[in-house]
Amino acid sequence: MDWALQIYYVLPDAKNGLQNLYNQKAAGWYDKGYFEPTTIENYPAVFNSGTDLRPQGTCDLSVGVNNEMIMSVTVHGQVGRDNCKATGNAASAAIRTIKAAGR
């Protein structure tokens, strides 16, 4: 299988950024999936999905880039590989690239 990468920005209707995901967790949204807080390039982030497809090679990550917006990153990779590490690396590279363009 080839690798697939998706990166996109989300502005939740409530405009409360990553807090929206924590609210969903409190409501049980991730009970059959995963919700693992982390940081990416000093930004708060969460590996998260309502369904755990990591064993099938898919990992999802949400990064709070500001108080209203989330950068979502998904890697569809090879089964048995650490695709969450690849997802974190992709998010880090995207953030570094965006910061470099603003200089």
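Two rings of Phe, Tyr or Trp form a pair if their centres lie within 6.5 Å. With that in hand, here are the close-ups of this predicted model.

**View 1. Ring pairs join Tyr22, Tyr30 and Phe35 into a cluster.** The structure has 2 aromatic pairs. Phe35 takes part in a pair with Tyr22 and in another with Tyr30.

**View 2. Tyr22 and Phe35 meet edge-to-face.** Their ring centres are 5.0 Å apart and their planes stand at 85 degrees, so the pair earns that name. Look along the chain, too: Tyr22 belongs to helix 1 (residues 19-26) and Phe35 to strand 2 (residues 34-40), so the pair ties together parts that are 13 residues apart in sequence. Tyr22 is partly exposed, because its relative accessibility is 35%. Phe35, in contrast, has a value of 12% and therefore counts as buried.

**View 3. Tyr30 and Phe35 form a tilted pair.** Here the ring centres lie 5.1 Å apart with the planes at 45 degrees. That angle is neither under 30 degrees, as stacked rings would need, nor over 60, as edge-to-face rings would, so the pair is called tilted. Tyr30 is buried, with a relative accessibility of 7%.

**View 4. Arg54 sits over the face of Tyr34.** In this last close-up, the distance from Arg54 to the ring centre of Tyr34 is 3.8 Å.

Key
Residues numbered from 1 in each chain as written. Predicted model: local features only at pLDDT ≥ 70, side-chain atom pairs only at ≥ 80, totals over all residues. Heavy atoms only, no water. Phe/Tyr/Trp six-rings, centres within 6.5 Å; stacked < 30°, edge-to-face > 60°. Helix = DSSP H or I, 4+ residues; strand = E, 2+ residues; numbered from the N terminus. Buried < 20%, exposed > 50% of the residue type's maximum accessible area, 1.4 Å probe, protein only. Lys NZ or Arg CZ within 6 Å of the ring centre and 35° of its normal.
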